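Please look through the sequence and the structure shown here before reading the report that follows. It begins with the overall layout of the chain and then moves to the details of packing.

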Amino acid sequence: MSNEPIETRATPVGPPTKHQLALMIWTAVFPTLTLINLVFGDWLGTLNPVLRTFFLVTVAVPIVIYGIMPHLHRLRAWIVARTASRTHDFLLIHRPPNQLETRPRLASRTGNITSKGGSHD
C-alpha cells in the first residue's frame, strides 16, 4: 500500500436552476406545512385566516430556510458532482482513441480547416 496522501478536491457546483430551486423549495415547504397542520391543526382552526397564515409563515419559514434548505443544497451538490464524475468517467472509457482532439485548428492560408488528425478535404 502506498502511504502517499490522496488528494481530494471539492468540485465546484453552480447554483441551482430555477426549476431545481422550485423543486427543492416545494420538497421543503410541503412536508413542513403538513406537519405543522397535523400538530397544531385543531388550534389553528380556531384562528381567523390572517392569524392562521401569520402563524404558519412565522413557524415554517425559519424551519425551511435554516433547517431544511441547507441539507437540500448539500444533497443537490452531491448529486450533481456524482453525476458529473460518472459522465466524465463514461466519456473517458467510451471515447475512441483517434478522437482525443476534436477541436478544429485555425484555417490555413488556403482556407481549409484542419484538425490534429489531418485536413478535411
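Read along its sequence, the protein chain of this predicted model follows the pattern α-α-β-β, and its secondary structure comes to two helices and two strands. The chain holds 121 residues, of which buried residues make up 12%. About 10500 Å² of the chain is exposed, and carbon and sulfur atoms supply 65% of that area. Among the contacts with a separation of 6 or more, 50% are accounted for by residues 24 or more positions apart.

**The nonpolar cores**

Which residues form the largest nonpolar core? This core has six residues, namely I36, L44, L47, F55, L56 and A60. Helix 1, which covers 18–45, and helix 2, which covers 49–94, each supply at least two residues of this core, and helix 2 gives the most to it, with three residues. A second, separate core of five residues includes M24, V64, M69 and L72.

The surroundings of I36 can be described in further detail. When its neighbours within four places in sequence are left aside, I36 is in contact with G41, L44, F55, L56, V59 and A60.

**The bend in helix 1**

How does the span of helix 1 compare with that of a straight helix of 28 residues? A straight helix of that number of residues would span 40 Å at 1.5 Å a residue, whereas helix 1 spans only 34 Å between its end C-alpha atoms. Helix 1 also bends by about 65° at V39. The buried residues in this helix include M24, A28, T32, I36 and L44.

**Aromatic pairs**

A pair of aromatic rings is described by the distance of the centres and the angle of the planes. A search of the whole structure finds three aromatic pairs, and two of them are described here.

In one pair, the rings of F40 and F55 have their centres 5.3 Å apart and their planes at 80°, and because an angle over 60 degrees counts as edge-to-face, the pair is given that name. This pair links distant parts of the chain, with F40 in helix 1 and F55 in helix 2, 15 residues apart.

In another pair, the rings of W43 and F55 have their centres 5.1 Å apart and their planes at 75°, so this pair is edge-to-face as well. It too links distant parts of the chain, with W43 in helix 1 and F55 in helix 2, 12 residues apart. Ring pairs thus link F40, W43 and F55 into a cluster.

Are the residues of this cluster buried or partly exposed? The table gives the relative accessible area of each, together with its class.

| Residue | Relative accessible area | Class |
|---|---|---|
| F40 | 34% | partly exposed |
| F55 | 18% | buried |
| W43 | 44% | partly exposed |

F55 counts as buried because its relative accessible area of 18% is under 20%, whereas F40 at 34% and W43 at 44% are partly exposed because their values lie between 20% and 50%. F55 also belongs to the largest nonpolar core and is in contact with I36.

**A proline within helix 2**

P70 has its place in helix 2. At 29% relative accessibility, P70 counts as partly exposed. When residues up to four places away in sequence are not counted, P70 touches V64 and I65, and V64 is one of the residues in the second core.

Methods
Residues are numbered from 1 along each chain as its sequence is written. This is a predicted model: local features need pLDDT of at least 70, side-chain atom pairs count only at pLDDT 80 or more; totals for chains, interfaces and linings use all residues. Side-chain values use heavy atoms; hydrogens and water are left out. A nonpolar core is a set of buried Ala, Val, Leu, Ile, Met, Phe, Trp, Tyr and Cys residues joined through side-chain atoms within 4.5 Å. Buried means under 20% relative accessible area, exposed over 50%, partly exposed in between (1.4 Å probe, protein chains only). Helices (H or I, at least four residues) and strands (E, at least two) are DSSP runs, numbered from the N terminus. Contact means heavy atoms within 4.5 Å. The expected span of a helix is 1.5 Å times one less than its number of residues. The bend at a residue is the angle between axes fitted to the seven residues ending there and the seven starting there. Rings of Phe, Tyr and Trp (its six-membered ring) pair if their centres lie within 6.5 Å; planes under 30 degrees apart count as stacked, over 60 as edge-to-face and the rest as tilted. Accessible areas come from the Shrake-Rupley method with a 1.4 Å probe; for residues, only the protein chains shown count as cover.
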